[in-house]
Each structure stands twice: as structure tokens, then as C-alpha cells.
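Please examine the protein shown below and consider how its parts are arranged.

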Amino acid sequence: MALMTASTTVSAGPILDDIAKSGELRVCFDAGYMPFEMKSKNGSYIGFDIDIGKIMARQMGVKYVPVNTAWDGIIPTLLTGKCHLINAGMTINAKRNMRVNFADPYIVVGQSILLNPELEGKVTSYRDLNDKKYTIATKLGTTGEQAIKRMISKAKLNVFETQADAVLEVANGKADAFIYDMPFNAIYASQNAGKVVHLEKPFTFEPLGWAIAQGDMDMLNFLNNFLRQIKGDGSYDRIYDKWFKN
Ligand code: ARG
């Protein structure tokens with residue numbers, strides 16, 4: 001007996017079967033993470049991950065259904081069946097990989113630093129921030145938070161539920177630095193010239209991958225073959241250029 005309605009949850013069992021039967025590819029992400037997923041002015045979701053998800057759904061012959069989810073609960077949301085996969089710029093790391101399966105990386109990024117302009121020249125790398133006189137902001141539950149705890153542990157850490165709130169701390173002088181994925185920081189810095197200084201060289205190595213529930217070889221095989229296809233046929237490059245160039 002079905003315990004949950006097909007329109008809001010994914011049935012337990014083979015993921016591809018559920019996608020085919022429901023006619024929907026339900027994709028979890030967390031909007032606000034530029035340029036991967038954003039909410040546009042008219043309320044629709046746009047970005048690199050969104051475009052990839054739409055191509056995936058089109059190739060599957062099903063409807064693309066966006067499931068915008070708070071980052072901190074995104075793995076539980078997947079594992080309770082609210083979506084078929086997470087496509088949200090999620091860094092593949094050991095802790096997460098013990099809970100979910102990841103397809104091969106679709107891009108590699110790393111953490112970079114947005115600095116209060118007053119510190120320009122005084123702070124030139126994450127090492128210089130490792131001092132209790134500095135306050136660093138980032139987003140809850142991210143690899144930015146993990147990197148600060150691991151590598152910059154002497155600084156004071158302030159975590160925020162959204163990246164927008166966290167980065168604002170630097171722009172309005174309440175934090176000395178904001179640490180987050182480099183592509184986000186690059187866009188923020190270009191939109192807020194004078195308010196922040198970008199130390200753009202990533203100081204962590206972070207492959208990003210699509211996550212699914214464990215134990216589904218068929219879905220994993222699908223995702224890896226899909227990735228190879230879009231990388232080879234030019235569609236990956238086309239969307240990459242659309243969101244990452246200039
Ligand atoms: N790559 C970082 C991580 O895995 C940040 C990803 C944030 N993604 C998002 N959709 N808000 O923790």
C-alpha cells in the first residue's frame with residue numbers, strides 16, 4: 001500500500017522506475033547559490049544546475065520538477081523521498097558519501113575569501129585569518145563551515161542560514177571575511193565592487209556531484225552516462241559558458 005502520495009514524494013525502490021512511472025524528475029536544490037541556482041524576479045528558478053536538470057528531464061522524457069530546499073536539511077529531504085536527486089553544487093566528501101551516493105563530479109571548485117576592504121594587503125590567505133581577532137561568516141552546513149572549523153579554528157565563526165545574510169556581514173562591516181565556494185564569491189565581488197575584496201585562489205579542493213539515495217546502481221549508471229553525454233555533445237559547455245563566462 002502506498003503510504004505517501006506520488007505527487008509529493010518519491011516511492012521507495014528503483015529511482016528510475018519512479019521517475020518513469022510518475023513522469024516527473026524531482027530535483028532538490030537550494031536557491032541563492034550563484035550561478036548554480038537562483039530565484040529569478042518572476043519567481044522561476046534559473047542557473048547552471050537548473051539548466052542541467054532540465055536537460056536531464058528532457059532526455060528522460062519526463063517533466064522537470066524543482067524542489068527548493070533549505071541547505072541544512074537537503075540530505076534528509078532526499079532520503080525521505082521528497083526528490084529523486086540533489087543537484088545543488090554539493091561537494092563530494094567522505095562524511096556525506098557515508099549517507100548518499102554521488103555521481104562523478106560535474107565541476108570542481110574550492111573555498112575562496114571575500115574580505116573587508118580594510119584588511120586588503122594585511123590578510124592575503126586563509127592562514128592570516130587564523131587569529132581570534134577575526135570574525136568569519138559563512139553558511140550553515142556547508143563545506144565553508146567545515147573548512148573554517150578545520151583550518152581557521154582560532155577565528156570567531158558566525159554561521160547563517162542563507163549565503164545572502166552571511167555575505168552581507170562583510171559588506172556591512174560586521175565580519176572581517178566571508179568564506180564560500182569561489183564561483184559565488186566571484187559573482188558577488190563583481191556585483192559589489194568596493195564593498196568586498198576577493199582573494200580568489202581556492203584553498204580547498206571540492207568536486208561537486210549529484211547525490212542520490214544509496215544502493216541504486218541503475219540511477220548512478222544513468223547519471224554518469226548522462227554526464228559523459230552532455231560533456232561530449234557540447235551541451236555542458238554551452239550552459240557552462242552561459243553561467244560562468246563574464
Ligand atoms: N559546495 C558547498 C557544499 O557542498 C556549498 C553548496 C551550497 N549549495 C547551495 N545550493 N546552496 O557545502
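The exchange that follows covers domains, core, ligand shell and one strand.

Me: On what basis are residues numbered and features of this model reported?
Reply: Residues are numbered from 1 along each chain as its sequence is written. The model is predicted, with local features requiring pLDDT of at least 70, side-chain atom pairs counting only at pLDDT 80 or more, and totals for chains, interfaces and linings using all residues.

Me: What distance separates the centres of domain 1 and domain 2?
Reply: The assignment gives domain 1 (15-107 + 206-244) and domain 2 (111-199), with bounds from an automatic or database domain assignment. Taken over C-alpha atoms, the centres of domain 1 and domain 2 are separated by 27 Å.

Me: How many residues of domain 2 are in contact with domain 1?
Reply: Contact requires C-beta atoms, placed from the backbone, within 7 Å. On that criterion, 12 residues of domain 1 meet residues of domain 2 numbering 13.

Me: Which residues touch the most other members of the largest nonpolar core?
Reply: A nonpolar core is a set of buried Ala, Val, Leu, Ile, Met, Phe, Trp, Tyr and Cys residues joined through C-beta atoms within 7 Å; buried denotes 20 or more other C-beta atoms within 10 Å of the residue's own, the C-beta atoms being placed from the backbone. Of the 62 residues in the largest such core, those touching the most other members are I86, L114, A177 and F178. This core draws at least three residues from each of domain 1 and domain 2. The residues asked for are thus I86, L114, A177 and F178.

Me: Which residues around the ligand are the closest?
Reply: The ligand is surrounded by 14 residues, each with its C-beta atom, placed from the backbone, within 6 Å of the ligand. Domain 1 and domain 2 each supply at least three residues to this shell. The closest are D30, Y33, A88, T91 and T142.

Me: Is strand β1 mostly covered or exposed?
Reply: β1, a DSSP run (E, at least two residues), is numbered from the N terminus and comprises residues 24-29. E24, R26 and C28 point one way, while L25, V27 and F29 point the other way, and all are buried. With 6 of its 6 residues buried, β1 is mostly covered.

Me: Which residue in β5 is the bridge partner of C28?
Reply: Strands pair if DSSP finds at least two bridges between them. β1 runs parallel to β4 (residues 63-68), joined by 6 bridges, and parallel to β5 (residues 85-86), joined by 2 bridges. In β5, the partner of C28 is I86.

Terms used: Buried ≥ 20, exposed ≤ 12 C-beta atoms within 10 Å, placed from the backbone. Contact = placed C-beta atoms within 7 Å. Helix = DSSP H or I, 4+ residues; strand = E, 2+ residues; numbered from the N terminus.
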